[in-house]
Amino acid sequence: MPKFLFHVNFSAKGNRGVLDAGGTARVHAIEELVTSLGGSLECLYFVLGGAESFAVCDLPANEAATAFALNAG
């Protein structure tokens, strides 16, 4: 299964989720999204500056990667 690296910027709703429920809830939301696309989340790192997080995922195809990229924020 191909491995993908994503630079994720959260929407205003995603940022509120981090503030309200903490980073762990955001990790679970990203993991649910990846699983629903037939893949697995290897890791998610929160960062300062530029992107707000980096996600490394195994996904079955480029179409799943595109779906992830459009929905992860």
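Which residue of β3 does Tyr-45 stand opposite? I looked this up before anything else, and the partner in β3 is Phe-54.

**Entry: ground rules.** I am working on a predicted model, in which local features need pLDDT of at least 70 and side-chain atom pairs count only at pLDDT 80 or more, while totals for chains, interfaces and linings use all residues. Residues are numbered from 1 along each chain as its sequence is written, and side-chain values use heavy atoms, with hydrogens and water left out.

I take helices (H or I, at least four residues) and strands (E, at least two) as DSSP runs, numbered from the N terminus. Strands count as paired if DSSP finds at least two bridges between them.

**Entry: the sheet.** I find an open sheet of three strands in the order β1-β3-β2, with antiparallel pairing. β1 and β2 are the edge strands with a single partner each, so one side of each has no neighbour in the sheet. From one strand to the next, the twist averages 15°.

I looked up the pairings next. Strand β2 (residues 40-46) and strand β3 (residues 53-58) run antiparallel and are joined by six bridges. Ser-40 of this pairing is opposite Asp-58 in β3. The hairpin of β2 and β3 has six residues between the strands, and Gly-49 in this hairpin takes a positive phi near 85°.

On the other side, β1 and β3 are also antiparallel, over six bridges. I noted three positions here: Lys-3 has Asp-58 of β3 as its bridge partner, Leu-5 is opposite Val-56, and Val-8 is opposite Ser-53.

**Entry: burial in the strands.** I use buried for under 20% relative accessible area, exposed for over 50% and partly exposed for what lies in between (1.4 Å probe, protein chains only). Which side chains of β1 point to the buried face? In strand β1 (residues 3-8) they are Phe-4, Phe-6 and Val-8, whereas Lys-3, Leu-5 and His-7 point to the other face and are not buried. In a regular strand the side chains alternate between the two faces of the sheet.

β3 is mostly covered, with five of its six residues buried. I picked Ser-53, which belongs to strand β3. Ser-53 counts as buried because its relative accessibility is 0%. I list a contact when heavy atoms are within 4.5 Å. Apart from neighbours within four places in sequence, Ser-53 contacts Phe-6, His-7, Val-8, Phe-10, Leu-44, Tyr-45, Phe-46 and Val-47.

**Entry: helices.** I fit axes as lines to C-alpha atoms, for helices over the stretch in contact, with angles from 0 to 180 degrees between N-to-C directions. The axes of helix α1 (residues 12-21) and helix α2 (residues 23-36) come within 6 Å and cross at roughly 130°. I therefore record α1 and α2 as oblique to each other; the classes are roughly parallel under 35 degrees, roughly antiparallel over 145, roughly perpendicular from 65 to 115, and oblique for the rest.

The contact is made by Gly-14, Gly-17, Val-18 and Ala-21 on α1, and by Gly-23, Ala-25 and Arg-26 on α2. I sort these residues into three nonpolar, three polar and one charged.

Against the sheet, α2 lies across β2 and β3 and runs at about 150° to β2. Helix α3 (residues 62-71) lies across β1 and β3, running at about 15° to β1.

**Entry: after α3.** I checked Ala-72, which lies in the segment following α3. Ala-72 is buried, at 7% relative accessibility. Beyond residues up to four places away in sequence, Ala-72 touches Val-8, Phe-10, Ile-30 and Leu-33. The C-alpha atoms of Ala-72 and Asn-9 are separated by 8.1 Å, although the two are 63 residues apart along the chain.

**Entry: cysteines.** How many disulfides does a search of the whole structure find? I get zero, with a disulfide taken as a pair of cysteine sulfur atoms within 2.5 Å. Why is Cys-43 without a bond? The closest cysteine sulfur to that of Cys-43 is in Cys-57, and at 8.2 Å it is too far. Cys-43 is buried at 16% relative accessibility, and Cys-57 is buried with a relative accessible area of 0%.

Note on methods
Ala, Val, Leu, Ile, Met, Phe, Trp, Tyr, Cys and Pro count as nonpolar, Asp, Glu, Lys and Arg as charged, and the others, Gly among them, as polar.
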